[in-house]
Amino acid sequence: MERYRTRKLLLALTAASGLLLTACSGSADNGEGSSAADRDDYSSGLPAPAHGDATSEQDDRREDPDHLSTFALDVDTASYDYARRALADGRLPDPSTVRPEEFVNSFRQDYERPDGDGFSVTVDGARTDDEDWSLVRVGLATRTTPRTGERPPAALTFVIDVSGSMAEPGRLDLAQESLSVMTDRLRDDDSVAIVTFSDEAETVLPMTRLDGHRDEIHDVISELDTRDSTNLGAGVETGYETAVEGLREGATNRVVLVSDALANTGDTDADTILERISGERREHGITLFGVGVGSDYGDALMERLADKGDGHTVYVSDEAEARKVFCEELPRNIDLTARDAKAQVAFDPETVEEFRLVGYDNRRVADEDFRDDRVDGGEVGPGHTVTALYAVRSKPGTEGHLATATVRWLDPDTRDPHEETGDLETDALDDSVRSASRSFQVTATAAYFADALGQVRPALPGAQRLDELSEQADDLAYRTEDREIRRLAKAIDTARRLKRTG
């Protein structure tokens, strides 16, 4: 069971006071201003603050070296959607492509939203049938997406894969249709650039204002055609160069990579590719949003590019999903309300025997780096929810404080740090997952599904066979009448049938 190191708790929480594209249509920070000396303390690696005004007894018991968990926030969802694509094609997904946190984060939750930038923090949980084991959920939410008129203009550089593999139906044609619809719905003061790549990369449209140029942009999109091999590294590098050349002050400047990520020419290593664009990323803060397509998809490369490139990924397999991504989700996936966001959960050693974070394997952060703002975190936009699930074993017969969750982020413009916290007591745990809130049941169902597909051991406490999980998912879909939960139930049932016949 995974354990974490900690040091003495910092009791003084400091925080400094501190774009939205709607192409298709924290709680307010409670911290006090932080001085330069305070920020030096942050970089010393002290753990998250204790709940409230901790007594020295509380301080002593929280010195236990094994009760901290720290990770960078992640809003990727590609793993879940790619798994659904594999199941729809009649095959079980490769367990190596199953990332539980992306299954969990594919479902937007009903967490309380903050009034301003930053996060709200919700911590809840439910007991399982496994003795002394519970599932504990840490839920983070950003403010809702502003209306179209409230956002600054957007400057978007689309990097489109036109290699031979993109000729398969559902790849380049899907990208063209989606970009065409989005072009019609962008504002006049928005800008678009288009870079294509196969064996080489080419800027086919420099940064161009939409006002008066929509026909020109449509022509470029319609003329895209597949060619040779996949030099993804050249595409990303040229994309960033084009984004910098067309950089607009006061606008949302982003690179959007659309590809099956089957790189076979030039640089094919994510770290090497990212190193070539490190200057542009660091100086201008341009993040990478990856849109994966295709039945055969380079999941590992795209995921690493996004994680290490200050961005995130989604996967689309049909026109409805593509329109949703480009016309509904793109605002949340491009604009930023928080940079380098990290979470740290302190489990109380008086009540907690052991714990395990579900997923986030590529997003773990050393506990002492939680307040070191030089250490990379996750980028999160408006309208997002981020969920982390823990398996927690309590000490028999204990009651009281269970955990404190702290999220830390930097203001996208000023780079000032902010923090927000939330707590959970043992008496707030629901008696069972089935009696918990609807949103908690969805989280647990998605996590159990990923657990079954990924075949990682030890299994989650309370895990069930796919037959039982399928029945519960069907019941949940029936009670909620939610389309996304119905799709989850269908995927679980398909996996159940394939496992039975395989």
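A quick sorting rule before we start: Ala, Val, Leu, Ile, Met, Phe, Trp, Tyr, Cys and Pro count as nonpolar, Asp, Glu, Lys and Arg as charged, and the others, Gly among them, as polar. Keep in mind, too, that what you're looking at is a predicted model.

Let's put that rule to work on the second largest cavity, which has a volume of about 40 Å³. Its lining is made up of L73, D74, V75, D307, D310, G311, H312, R363, G377, G378 and E379. Sort those residues and you get two nonpolar, four polar and five charged.

Now for the helices. Two packed helices are described by the angle between their axes and the distance between the axes. Start with helix 12, residues 438-454, which packs with helix 13 at an angle of about 150°, their axes 11 Å apart. Angles over 145 degrees count as roughly antiparallel, so that is how helix 12 runs relative to helix 13. The crossing of this pair is left-handed. On the helix 12 side, R438, Q441, V442, T445, Y448, F449 and A452 do the touching, and they meet L466, L469, A473, L476, R479 and T480 of helix 13. By class, this contact has eight nonpolar, three polar and two charged residues.

Move along to helix 13 (residues 466-480) and helix 14 (residues 483-501), and you'll find axes that come within 8 Å and cross at roughly 160°. These two are therefore roughly antiparallel to each other, and helix 13 passes helix 14 in a left-handed crossing. Helix 13 brings L466, D467, L469, S470, A473, D474, L476, A477, Y478 and T480 to the contact, while helix 14 brings I485, R486, A489, I492, D493, A495, R496, K499 and R500. Those residues split into 10 nonpolar, two polar and seven charged.

Helix 14 has another partner to look at: helix 3, residues 78-88, which packs with helix 14 at an angle of about 50°, with the axes 10 Å apart. What does that make the pair? Roughly parallel needs an angle under 35 degrees, and roughly perpendicular starts at 65, so helix 3 and helix 14 are oblique to each other. Their crossing is left-handed. From helix 3, Y80, R84 and L87 meet E484, R487, L488, A491, T494, A495 and L498 in helix 14. Run the sorting rule one last time and this contact comes out as six nonpolar, one polar and three charged residues. If you're clicking through the model, try A495 of helix 14: this residue is listed in the contact with helix 13 and in the contact with helix 3.

Technical notes: Residues numbered from 1 in each chain as written. Predicted model: local features only at pLDDT ≥ 70, side-chain atom pairs only at ≥ 80, totals over all residues. Heavy atoms only, no water. Axes fitted to C-alpha atoms, helices over the stretch in contact; angles between N-to-C directions. Helix = DSSP H or I, 4+ residues; strand = E, 2+ residues; numbered from the N terminus. Parallel < 35°, antiparallel > 145°, perpendicular 65-115°, else oblique. Left-handed = near helix turned anticlockwise from the far one by under 90°. Contact = heavy atoms within 4.5 Å. 1 Å grid on protein atoms, 1.4 Å probe; cavity = no way out; pocket = protein on both sides within 12 Å on 5 of 7 lines; lining within 4 Å. Points joined across faces, edges and corners; volume = space filled by probe spheres on them.
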